[in-house]
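This report covers domain layout, helix packing and the surroundings of two ligands. The entry it refers to is shown next.

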Amino acid sequence: MTRKKILVTGGAGFIGGNFVQYLVDKYPQYDIYNLDLLTYAGDLIKHKHIEAKDNYHFVRADIADRETIMGIFGKEKFDYVVHFAAESHVDRSITDPGVFVQTNVVGTQVLLDASRAVDVKKFVHVSTDEVYGELDFDPTTFFTEETPLQPNSPYSASKASSDLLVRAYNETYGLPVNITRCSNNYGPYHFPEKLIPLTISRVLNGQKVPVYGDGKNIRDWLHVIDHCAAIDLVLHEGVNGEVYNVGGHNERTNLEVVKTIIKTLGKSEELIEFVKDRLGHDKRYAIDPTKLENLGWKPTYTFDTGIAQTIQWYLDNQDWWEQILSGEYQNYFEKQYNI
Ligand code: NAD
Ligand code: TDX
């Protein structure tokens with residue numbers, strides 16, 4: 001039997017990186033190709049322990065580079081594509097939206113064309129709950145797969161645009177697809193520009209933690225490994241053309257998240273610094289995951305067990321995040337925050 005070839009785009013980043021490791025360990029019978037441009041958000045240090053494995057392969061390329069991508073697909077003829085590669089940080093999309101359109105929209109279209117050209121059996125597009133816009137603070141309301149798309153940031157608008165292209169390639173050309181829309185992830189290898197790893201790394205370094213506005217905005221948190229298991233299930237069992245929301249009912253205000261981390265690390269809440277609010281800051285996200293649960297998925301972490309595991313991981317892997325903080329990140333942080 002020939003081995004299945006699975007292309008994972010963005011496999012040097014946070015979620016894609018965890019997913020590559022998950023696949024390489026779980027499926028020795030598949031060949032896993034990690035295609036990544038290695039932008040500021042990607043690194044291969046996280047894959048040191050799998051790089052020598054026979055079923056792991058790395059290709060450096062820009063998903064928006066049509067000629068190169070068509071060439072790679074023509075040569076490798078992937079069976080499945082799981083597409084994570086994206087510009088992913090909302091704050092960066094507010095200061096520099098252009099690259100979000102280029103990577104998230106144009107890049108996705110190039111991958112769809114390349115997938116059509118080699119008759120990929122399934123294209124899983126990893127999207128986000130942010131495409132639905134925002135909810136108010138009524139705790140009985142949730143995003144379902146039928147919620148209209150109303151993205152508010154340049155980032156979420158670029159993701160919604162890519163979702164619509166994926167849908168159109170399914171309807172028009174019959175390309176087999178699924179779209180997943182997950183809530184906020186956290187866990188190992190989360191880049192320290194995002195709230196949870198930013199808070200952990202700054203608290204550990206005794207630095208102020210910037211909280212936007214009044215800190216009352218709500219996010220729905222899911223451990224990255226539970227997201228990986230959801231995507232694996234959708235890849236193997238998802239019904240062609242369907243969208244699946246992913247979330248574990250773990251809503252927290254940003255202030256609750258920051259205070260939990262400070263308390264776990266035994267530090268003072270005086271480290272909290274309220275700063276100017278994010279432009280267009282979405283109030284609340286909350287996912288109804290019933291459809292995915294009916295497919296057989298359930299999360300393994302609660303927020304309490306997941307955040308404890310994550311904090312311990314950042315304590316044990318200081319080298320990984322310290323080398324990020326010492327690079328270009330310094331310039332970004334100084335421009336973004338005035339603290
Ligand atoms: P990330 O920023 O950590 O990683 C993105 C990866 O994509 C990096 O390795 C980067 O080098 C690569 N990349 C960027 N531009 C590229 C290009 N032009 N060509 C090839 N590779 C490129 O992102 P993440 O947080 O791991 O998110 C992964 C995906 O999951 C994104 O599509 C994001 O929209 C989606 N998502 C994220 C979350 C979350 O909470 N982080 C939640 C739901 C969905
Ligand atoms: O310094 C900060 N202070 C702060 O109060 C940062 C970076 C964030 N925040 C707030 C903004 C949000 O309400 O914390 C919340 C979480 O912010 P981020 O970590 O930037 O995540 P978010 O904007 O919610 O988007 C994330 O989840 C959905 C990912 O970055 C997206 O890629 C994903 O699609």
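Helix axes here are lines fitted to C-alpha atoms over the stretch in contact, and angles between N-to-C directions run from 0 to 180 degrees. The model is predicted.

## Packing of α2 and α4

Helix α2, residues 66-76, packs with helix α4, residues 98-117, at an angle of about 30 degrees. Their axes are 9 Å apart. Angles under 35 degrees count as roughly parallel, and α2 and α4 are therefore roughly parallel to each other. The crossing of these two helices is right-handed.

On the α2 side the contact involves Arg66, Ile69, Met70 and Phe73. On the α4 side these residues meet Val110, Leu111, Ala114 and Ala117. By class, the contact of α2 with α4 has seven nonpolar residues, one charged residue and no polar ones.

## Packing of α6 and α8

A second helix pair is formed by α6, residues 195-204, and α8, residues 254-264. Here the angle is about 35 degrees and the axes lie 10 Å apart. The crossing of α6 and α8 is right-handed.

From α6, the contact uses Leu195, Ile196, Thr199, Ile200 and Val203. From α8, it uses Asn254, Val257, Val258, Ile261 and Ile262. The residues of this contact comprise eight nonpolar and two polar, with no charged residue.

## Domains and their contact

The protein is divided into two domains, each assembled from separate stretches of the chain. Domain 1 takes in 4-185 and 223-246. Domain 2 takes in 186-219, 250-281 and 302-326. Their C-alpha centres are 25 Å apart.

In the contact between the domains, 16 residues of domain 1 meet 13 residues of domain 2. On the domain 1 side, at least two residues each come from α1 (14-26), α3 (90-95), β7 (184-186) and α7 (224-237). The largest share of that side, three residues, is supplied by α1. By class, the side of domain 1 that touches domain 2 has six nonpolar, eight polar and two charged residues.

## Surroundings of ligand 1

Ligand 1 has 29 residues around it, and those that come nearest are Gly10, Gly13, Phe14, Gly42 and Ala86. Two or more residues of the shell are given by each of α1, α4, β5 (122-128) and β7. Helix α1 provides the largest share, three residues. Helix α1 also contributes to the side of domain 1 that touches domain 2.

The shell around ligand 1 divides into 14 nonpolar, 11 polar and four charged residues.

## Surroundings of ligand 2

Which domains contribute to the shell around ligand 2? Both domain 1 and domain 2 do, with at least three residues from each. In total, 16 residues surround this ligand. The closest are Ser88, Thr128, Lys194, Leu195 and Tyr212.

Among the elements, α6 and β8 (209-212) each give at least two residues to this shell. Strand β8 has the largest share, three residues. Leu195, one of the closest residues to ligand 2, is also one of the α6 residues in the contact with α8. By class, the shell around ligand 2 has six nonpolar, six polar and four charged residues.

Conventions
Residues are numbered from 1 along each chain as its sequence is written. Chains are lettered from A and ligands numbered from 1 in the order in which they are written. This is a predicted model: local features need pLDDT of at least 70, side-chain atom pairs count only at pLDDT 80 or more; totals for chains, interfaces and linings use all residues. Helices (H or I, at least four residues) and strands (E, at least two) are DSSP runs, numbered from the N terminus. Angles under 35 degrees count as roughly parallel, over 145 as roughly antiparallel, 65 to 115 as roughly perpendicular and the rest as oblique. A crossing is left-handed if the near helix is turned anticlockwise from the far one by less than a right angle, and right-handed if clockwise. Two residues are in contact if their C-beta atoms, placed from the backbone, lie within 7 Å. Ala, Val, Leu, Ile, Met, Phe, Trp, Tyr, Cys and Pro count as nonpolar, Asp, Glu, Lys and Arg as charged, and the others, Gly among them, as polar. Domain bounds come from an automatic or database domain assignment. A residue is near a molecule or strand if its C-beta atom, placed from the backbone, lies within 6 Å of it.
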